[in-house]
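Trainee: I would be grateful for a close look at a single part of this model, the nonpolar surface patch, followed by an account of what surrounds it. Please proceed from the patch to the rest of the structure in a connected way.

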Amino acid sequence: MALKFSVLTLFPEMFDMLKTSIIGRAVEKGLIDVSCVNIRDFTKNKHRRVDDYPYGAGGGMVMQAQPIYDAYRSVAGDDRPLVIYMSPQGKVLNQKLARDLSREEHIILLCGHYEGVDERVLEEIVDMEVSIGDYVLTGGELPAMVLIDCVSRMREGVLDSKETFETESHYDGLLEYPQYTRPPEFMGRTVPEVLLGGNHKDIESWRREKKLERTRKKRPDLLKKALLTKADKEYLENFFDKIEKKP
């Protein structure tokens, strides 16, 4: 069964970019389904307005509850899907959350604009608020596309193999090991010998060590949550002891 995304948005044309590359092929194969609902189609305003001034004054405009709710009802169906509001106030998207969301059958994504959305419709339909980082964008469309891409590649068949995403950064709490391809030498820099030897056990060990090194150097905060073995911890301790002792 395809993972279905229904996007409630003011700018459905922005999602045309999802018709390309890996996500586009997944749509063609029927592995995922992305449909956009234009919230303006559900306004009762003759000028197709979907926003109004906020109560209590203040700058900017607020998206009205009624058009959003009616747009939601048009795709919700009898089996209530998971509804996510893309918001800078939400839980930050990470690999674990992406894996969890990939198990859903139908996800509705609400893309806000202006100064936000009438709180009452959020309370009525939204199950979860998700952010892609601690910054503010002009609308929820770009974050929604990021979520669709991140979640979709967790579904079986979207990538060439399960191993493809299991070895990537953040899947196991660590950053990915360095990658090399032909030629074996470039501008005086050579591919590590271990990768040329064909010993898969040695290659696996080398890759694990590089994952640990990279995470410690670039994102040491990740090590606090990563599932490290006793051997991992000993390697990190010994490796960085050597570095600190160098003159």
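Mentor: The patch is formed by Met14, Tyr135, Leu137 and Leu142, and its nonpolar surface amounts to about 340 Å². The model is a predicted one, and every value below is computed from it.

Among the patch residues, tyrosine 135 sits in the loop that runs from strand S7 (128-131) to helix H5 (141-152). Its relative accessibility is 43%, so tyrosine 135 is classed as partly exposed, the class between 20% and 50%.

The loop that carries tyrosine 135 leads into H5, and this helix merits attention in its own right. Nine of the twelve residues of H5 are buried, so the helix is mostly covered by the 20% criterion. The buried residues are Glu141, Pro143, Ala144, Met145, Leu147, Ile148, Cys150, Val151 and Ser152. As to geometry, a rise of 1.5 Å a residue predicts a span of 16 Å for the twelve residues of H5, and the distance of 16 Å between its end C-alpha atoms agrees with that.

H5 also takes part in the interior. The largest nonpolar core comprises 27 residues, and those with the most contacts inside it are Phe5, Phe15, Ile84, Leu101, Leu109 and Leu147. At least two residues of this core come from each of strand S1 (3-9), helix H1 (21-28), strand S5 (82-92), helix H3 (95-101), strand S6 (106-111) and H5. The largest contribution is that of H5, which gives six residues. Leu147 thus appears in two lists: it is among the buried residues of H5 and among the core residues with the most contacts. As general background, nonpolar side chains tend to be buried together in soluble globular proteins.

Helix H3, another contributor to the core, also holds a charged pair. Aspartate 100 and lysine 96 form a salt bridge in which the closest N and O atoms are 3.2 Å apart. The two residues are four apart in helix H3, which means that about one helical turn separates them. Aspartate 100 has a relative accessibility of 31% and is therefore partly exposed.

This is one of 13 salt bridges in the count for the structure. Another joins aspartate 221 to arginine 219, with 2.9 Å between the closest N and O atoms. Both partners are partly exposed: aspartate 221 has a relative accessible area of 38%, and arginine 219 has one of 33%. Salt bridges also link Asp172, Arg208, Lys211 and Asp232 in a network.

Arginine 48 combines a salt bridge with a notable backbone angle. Its partner is aspartate 41, and the closest N and O atoms of the two are 3.4 Å apart. Arginine 48 has a positive phi of about 65 degrees, although it is not a glycine. The residue lies in the loop between strand S2 (32-38) and strand S3 (51-52), and its relative accessibility of 37% makes it partly exposed.

Alanine 57 likewise is not a glycine, yet has a positive phi of about 65 degrees. Alanine 57 belongs to the loop between S3 and strand S4 (62-63). With a relative accessibility of 60%, alanine 57 is classed as exposed. A further backbone feature is the cis peptide bond from arginine 182 to proline 183, whose omega is near 5 degrees. Proline 183 is located in the loop between helix H6 (162-166) and strand S8 (185-186).

Aromatic rings complete the account, with two aromatic pairs in the structure. The rings of tyrosine 69 and tyrosine 72 are 6.0 Å apart at their centres and have planes at 45 degrees, so this pair is tilted. Both residues belong to helix H2 (residues 65-76), where they are three residues apart, about one turn of the helix. Tyrosine 69 is partly exposed at 31% relative accessibility, whereas tyrosine 72 is buried, with a relative accessible area of 4%. The pair formed by tyrosine 235 and phenylalanine 239 is stacked, with 5.7 Å from centre to centre and 20 degrees between the planes. These two residues lie in helix H8 (residues 230-245), four residues apart, again about one turn of the helix. Phenylalanine 239 is partly exposed, with a relative accessible area of 21%.

Methods:
Residues are numbered from 1 along each chain as its sequence is written. This is a predicted model: local features need pLDDT of at least 70, side-chain atom pairs count only at pLDDT 80 or more; totals for chains, interfaces and linings use all residues. Side-chain values use heavy atoms; hydrogens and water are left out. Patches are made of residues with over 30% relative accessible area and no salt bridge: like charges are joined within 9 Å, nonpolar side chains (Val, Leu, Ile, Met, Phe, Trp, Tyr) within 5 Å. Accessible areas come from the Shrake-Rupley method with a 1.4 Å probe; for residues, only the protein chains shown count as cover. A salt bridge is a side-chain nitrogen of Lys or Arg within 4 Å of a carboxyl oxygen of Asp or Glu. Buried means under 20% relative accessible area, exposed over 50%, partly exposed in between (1.4 Å probe, protein chains only). Rings of Phe, Tyr and Trp (its six-membered ring) pair if their centres lie within 6.5 Å; planes under 30 degrees apart count as stacked, over 60 as edge-to-face and the rest as tilted. The expected span of a helix is 1.5 Å times one less than its number of residues. A nonpolar core is a set of buried Ala, Val, Leu, Ile, Met, Phe, Trp, Tyr and Cys residues joined through side-chain atoms within 4.5 Å.
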